[in-house]
Amino acid sequence: MDPKVRYTKSADGVHIAFCEVGEGYPLVIMPAMPLTHVQLEWGIPDLRRLYERLVSAGHRLIRYDARGMGLSDRDVSDFSLPMQLADMDAVVDAMGLDRFALYGSGDQGMVAAAWAARNPERVSHLILWCSWANRARISDQAATRALRALLEQDWMIYTETAARVLFGWSGEDRIAREFAAFLRQCTDPGVLAHAVPQIYEWDVTDMLPRIQCPTLVLVRKDIATLPVDIAREMARDIPDARLVVQEGSSPLPFAEDTNSFIREVTSFLGSSAGEMVDLRGTGDAPITILFTDMEGSTALTQQLGDEAAQEILRVHDRIVRNALASHGGTEIKHTGDGLMASFPSATRAVEAAISIQRGVAAMGDEQLSVRVGLNAGEPVAEHGDYFGTTVQLAARICDRSAPGSILVSAVVHDLAAGKGLRFTDAGEAELKGFAERVRLYEVNWKN
């Protein structure tokens with residue numbers, strides 16, 4: 001699972017290193033400054049296991065190195081909050097991410113909060129781990145002042161002491177020494193000498209009330225540099241944020257009780273190790289249901305054999321999941337020959353359907369052909385699934401769709417009106433199980 005490192009250029013020309021692993025709904029994990037190295041961090045066993053568990057829970061992880069650190073450009077002098085936001089812009093745009101979950105810790109929690117406040121339409125969930133809104137509140141802590149004094153005096157002593165503070169003084173000596181060596185490879189004292197005074201000026205307190213997405217604020221109760229009250233105040237100022245205080249004294253999520261951390265994060269994101277999905281809509285707005293179906297999957301198995309046919313199905317799944325990730329869709333379940341997904345927006349659902357068909361067409365594989373059908377309404381949400389007439393009609397519309405086409409109900413057509421999408425009236429159709437004929441529209445996606 002070792003990721004391939006790529007680069008993008010920020011607004012001021014600084015090269016930012018980033019990588020991705022896994023498939024599913026995207027989760028952007030911001031760099032925990034200065035402990036950020038998208039390549040070497042995979043050599044830390046406990047951290048690697050944490051990432052692997054998030055991937056196994058159905059997440060596509062996107063990681064990047066902060067400017068001046070890890071594999072990003074080191075020759076940097078501007079560490080201001082606006083440039084941190086520009087780095088985030090560069091990474092998510094390079095990945096083509098339209099909507100995603102965002103995780104920030106420590107100082108980068110301020111960047112995550114500010115980015116979510118500025119881009120409410122793109123952040124579906126916000127997780128703030130052991131973070132704060134005003135750096136001055138943390139800088140004034142006795143433990144923080146002591147660590148900064150060491151940084152200004154001796155790099156080696158600073159890194160060894162910081163590792164001990166992070167893992168706890170009762171922790172294993174070998175692990176602390178190895179982590180101190182890792183920290184020294186993440187950055188250097190000259191970079192931190194430029195960065196620290198600028199970071200200490202960050203304050204996003206005024207931005208917190210503008211955050212619109214579901215937010216989880218997580219903190220451990222006995223961290224020397226972070227009083228719980230600071231995290232509690234952050235959660236208080238974010239509308240409808242949830243505060244969870246866990247046992248422990250380490251700000252490293254992969255130290256101490258990792259199980260509790262994983263459980264809270266996956267439950268909040270709606271996956272809970274693959275058993276749950278986020279079925280929350282947007283108030284009283286209708287939910288759009290999308291079905292895909294591979295044409296002739298049984299015949300493919302007979303013609304090509306199980307393994308070859310399964311590989312084609314995996315290609316289909318990857319194309320569909322990438323489209324869901326880019327357009328804010330949630331995978332509900334695999335149907336054997338296709339996928340069922342939900343969207344809080346009919347427009348995004350149609351755009352995802354177009355992305356699916358274009359992705360299939362780009363493969364140039366005549367053996368892979370996909371039908372797509374969409375309907376919108378108020379389905380019944382239960383046990384991580386949707387039920388009712390809305391879902392049944394979406395499935396029948398998918399069945400009616402021709403290979404390589406997208407059919408939608410009149411409800412979806414009307415909801416997406418005026419959004420630059422093009423439809424052709426496909427007339428009324430008799431659909432199995434429905435007494436009345438149903439008006440359908442075909443999406444013109446090829447041009």
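**Entry 1: helix α8**

Before anything else I wrote down that contact means heavy atoms within 4.5 Å. I also noted that this is a predicted model.

With that in hand, I looked up helix α8, which covers residues 189–199. Which of its residues are buried? I found V191, L192, A195, V196 and I199. Seen down the axis of α8, these buried residues fall within an arc of 115 degrees, so they line one face of the helix. My textbook reminder here is that an α-helix has 3.6 residues a turn, so residues three or four places apart point the same way.

Next I asked what the buried residues of α8 pack against. The partners are α4 (135–139), α5 (142–153) and α6 (155–167).

I then checked the N-terminal end of α8 and found D188 capping it. A side-chain oxygen of D188 lies 3.1 Å from the backbone nitrogen of G190.

**Entry 2: a residue in α6**

Since α6 had turned up as a packing partner of α8, I picked A163, which sits in helix α6. Is A163 buried or exposed? A163 counts as buried, because its relative accessibility is 0%. Leaving aside neighbours within four places in sequence, I listed A176, F179 and A180 as the contacts of A163.

I also took one distance for A163, to Y103. The two are 60 residues apart in sequence, and their C-alpha atoms are 22 Å apart in space.

**Entry 3: S10 and Q84**

I went to S10 next, in the loop between β1 (6–9) and β2 (15–21). S10 is buried, because its relative accessible area is 6% and the cut-off for buried is under 20%. What does the side chain of S10 make a polar contact with? The partner is the side chain of D87, at 2.5 Å. Beyond its neighbours within four places in sequence, S10 is in contact with I16, R67, M83, A86, D87 and A90.

Then I looked at Q84, in helix α2 (residues 81–94). Q84 counts as buried, because its relative accessibility is 3%. Its side chain is joined to the side chain of Q108 by a polar contact of 3.1 Å. Again leaving out neighbours within four places in sequence, I found Q84 in contact with M33, R67, F79, Q108, V111 and W202. I underlined R67, which is in the contact list of S10 and in that of Q84.

**Entry 4: the seven-stranded sheet**

Now for the strands. I found an open sheet of seven strands, in the order β10-β11-β9-β12-β15-β17-β16, with mixed pairing. Which strands are at the edges? They are β10 (330–334) and β16, each of which pairs on one side only. From one strand to the next, the twist averages 25 degrees.

I noted a few pairs in detail:

- Strand β9 (residues 287–294) pairs with β11 (residues 339–343) in the antiparallel sense, over four bridges. T288 has F343 in β11 as its bridge partner.
- Strand β15 (residues 406–409) and strand β17 (residues 438–443) run antiparallel and are joined by three bridges. Here V408 stands opposite Y441.
- Strand β16 (residues 423–429) pairs with β17 over six bridges, also in the antiparallel sense. In this pair D425 has Y441 as its bridge partner.

I was pleased to see Y441 come up twice: it faces V408 and it is the bridge partner of D425.

**Entry 5: helices on the sheet**

Which strands does helix α13 (residues 346–363) touch as it packs on the sheet? I listed β9, β11, β12 (370–377), β15, β16 and β17. The direction of α13 makes about 175 degrees with that of β12.

Helix α14 (residues 389–400) packs on the sheet too, touching β9, β11, β12, β15, β16 and β17. For α14, the angle with the direction of β12 is about 155 degrees.

**Entry 6: cysteines**

Last, I asked how many disulfides the structure holds. The count is zero. For C186, the nearest cysteine sulfur is that of C19, 13 Å away. C186 counts as buried, because its relative accessibility is 0%. For C213, the nearest cysteine sulfur belongs to C130 and is 19 Å away. C213 counts as buried as well, because its relative accessibility is 7%.

Conventions: Residues numbered from 1 in each chain as written. Predicted model: local features only at pLDDT ≥ 70, side-chain atom pairs only at ≥ 80, totals over all residues. Heavy atoms only, no water. Buried < 20%, exposed > 50% of the residue type's maximum accessible area, 1.4 Å probe, protein only. Helix = DSSP H or I, 4+ residues; strand = E, 2+ residues; numbered from the N terminus. Arc of directions from axis to C-beta. Polar contact = N/O pair within 3.5 Å; in protein donor to acceptor, adjacent residues only side chain to side chain. Pairing = 2+ DSSP bridges. Axes fitted to C-alpha atoms, helices over the stretch in contact; angles between N-to-C directions. Disulfide = S-S within 2.5 Å.
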